[in-house]
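Reader: Please take one part of this model and go through it closely. Start with a single side chain, then work outward to its surroundings.

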Amino acid sequence: MYGPGATRSGAGYRPEGAEGAPAGADEAAGAVEAVLTGRLGALLEEARRVDEVFAEEVAGRVAAFVLRGGKRLRTAFVWCGWLAAGGGGDPDTPVRIGAALELLQACALVHDDVMDESPVRRGAPAVHAEFARLHRAAGIRGSAASYSASAAVLAGDLALAWADDLLTETALASEHGGRLHREWQALRGEMVAGQYLDLRAQAAGSSDPDEAMAVATLKSALYTVGRPLALGAVAAGADAGTADALRAAGQSAGLAFQLRDDLLGAFGDPARTGKPADGDLRGRKLTYLLAVAVRRAAGSGDSEALALLAPAREPAGGVPVDRMREALERTGARAAVEEEIASLAASSLRQFAAGGADARARREFARTVARAVDASPAAGAGRPARETGEGV
């Protein structure tokens, strides 16, 4: 019922043979795989009892997507928050919260790929692209594009429902359930607000760096790091002041994470990131990187860079992506964003330490932040990149 490598353990799951809590954030991220395997196995059984076609084409596709990859950063940050608040209570609780976040992330990615018309995610066809292929193979009537977008929205909705169910069950089993649920409610609202503001900014042709950072704060910084840290802390019984301090530290780290993702969206190697490396540029998507480049080009009178990068302008014959990358380099935007990433990451470590976390928690947080924002060589990019593809 619960899949290989997992057993039912009170309020949650643990890997076979595990004793006590995971040793660290990386181990917690690994433990969440057992939770997800078990949970999704049970959910697929339920889906088959509802309808076999639904189970195979929708529920099964969502389950496969969730288990296909991802760095499980949100789980790791939940664990860091739990440690920072003393690690009290059942260690299954932060792991299950992490699993709920991974299901919510699946919803966000499936919907984001529809909105961005992105064909690839995690090194494979995006969910809406899989539905388009199914439509064509089955000879179904109507538009494959319309069918696939509608089906992907439903698949994302199912992932959201599964996430909500798991978080609610976890909260009901916790003495801190009310606070956990309020933190979760805030996280979901901020995520949707950020997604909408991102969509609106692109439609409006915005190139404002402040607007780009506001979108990144809601869409990524709080959702990826700030709220997961606070959820972990609340699960351990942290007071409001501790949760607020961790949320602030997480906002800085989360912005650094998003800025790194922006760089990968322009310069990353698709073989490593699992998604196209030119979609943000071709779509003139509002990112801090692009906004800084446009502002610098305007300030220096670089009309060529403005013609290439400004959202309101479209060169004849399409967008020359290689020249756009050169302009990002020439304006100094890429170097400026690298500096901002380093500054935000360092600030997050100071804020985390100021919240009173012990040495172990500080080490785990520093390691997880480094994993989220540090760069490693990527073939073909000519500059650093890292393996990710979790930009939402």
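Author: The side chain of threonine 170 has a polar atom 2.8 Å from the backbone oxygen of leucine 166. This is a predicted model, and the distance is computed from it. Threonine 170 belongs to helix α6, which covers residues 144-172. Is threonine 170 buried or exposed? Its relative accessible area is 4%. That is under the 20% limit, so threonine 170 counts as buried.

What does threonine 170 touch, once neighbours within four places in sequence are left aside? The contacts are Thr93, Arg96 and Ile97. Helix α4 takes in residues 92-116. Thr93, Arg96 and Ile97 fall in that range.

Now the helix itself. Helix α6 has 29 residues. At 1.5 Å a residue, α6 should span 42 Å. The C-alpha atoms at its ends are 42 Å apart, so the expected span and the model agree. Serine 143 caps the N-terminal end of α6. A side-chain oxygen of serine 143 lies 3.2 Å from the backbone nitrogen of alanine 145.

Another residue of the 144-172 range, tryptophan 162, can be set against helix α1. Arginine 39 is in α1, residues 25-50. Arginine 39 and tryptophan 162 are 123 residues apart along the chain, yet their C-alpha atoms are separated by 9.3 Å. Arginine 39 has 10% relative accessibility, so this residue also counts as buried.

Next, the nonpolar core. The largest one has 110 residues. Its largest share, 12 residues, comes from helix α4. Leu309, Leu328 and Phe352 have the most contacts inside this core. Leucine 309 touches Leu328 directly. Beyond four places in sequence, leucine 309 also touches Arg284, Leu290, Ala293, Val294, Met324 and Ala327.

Leu290 leads on to the cavities. The whole structure holds 4 cavities of 30 Å³ or more. The largest contains about 50 Å³ of space. Leu290 is one of its lining residues. The others are Asp262, Ala266, Asp280, Leu281, Lys285, Thr287 and Leu289. Which elements give two or more residues to this lining? They are α9 (240-267), α11 (279-282) and α12 (288-300). Leu290 thus appears twice here: in contact with leucine 309, and in the lining of the largest cavity.

Conventions
Residues are numbered from 1 along each chain as its sequence is written. This is a predicted model: local features need pLDDT of at least 70, side-chain atom pairs count only at pLDDT 80 or more; totals for chains, interfaces and linings use all residues. Side-chain values use heavy atoms; hydrogens and water are left out. Helices (H or I, at least four residues) and strands (E, at least two) are DSSP runs, numbered from the N terminus. Buried means under 20% relative accessible area, exposed over 50%, partly exposed in between (1.4 Å probe, protein chains only). A polar contact is a pair of N or O atoms within 3.5 Å; within protein, one must be able to donate a hydrogen and the other to accept it, and residues adjacent in sequence count only if both atoms are side-chain atoms. Contact means heavy atoms within 4.5 Å. The expected span of a helix is 1.5 Å times one less than its number of residues. A nonpolar core is a set of buried Ala, Val, Leu, Ile, Met, Phe, Trp, Tyr and Cys residues joined through side-chain atoms within 4.5 Å. On a 1 Å grid over the protein atoms alone, a cavity is a set of points where a 1.4 Å probe fits but cannot get out, and a pocket is an open set with protein on both sides within 12 Å along at least five of seven lines; lining residues have an atom within 4 Å of a point. Grid points are joined across faces, edges and corners, and a volume is the space filled by probe spheres set on the points.
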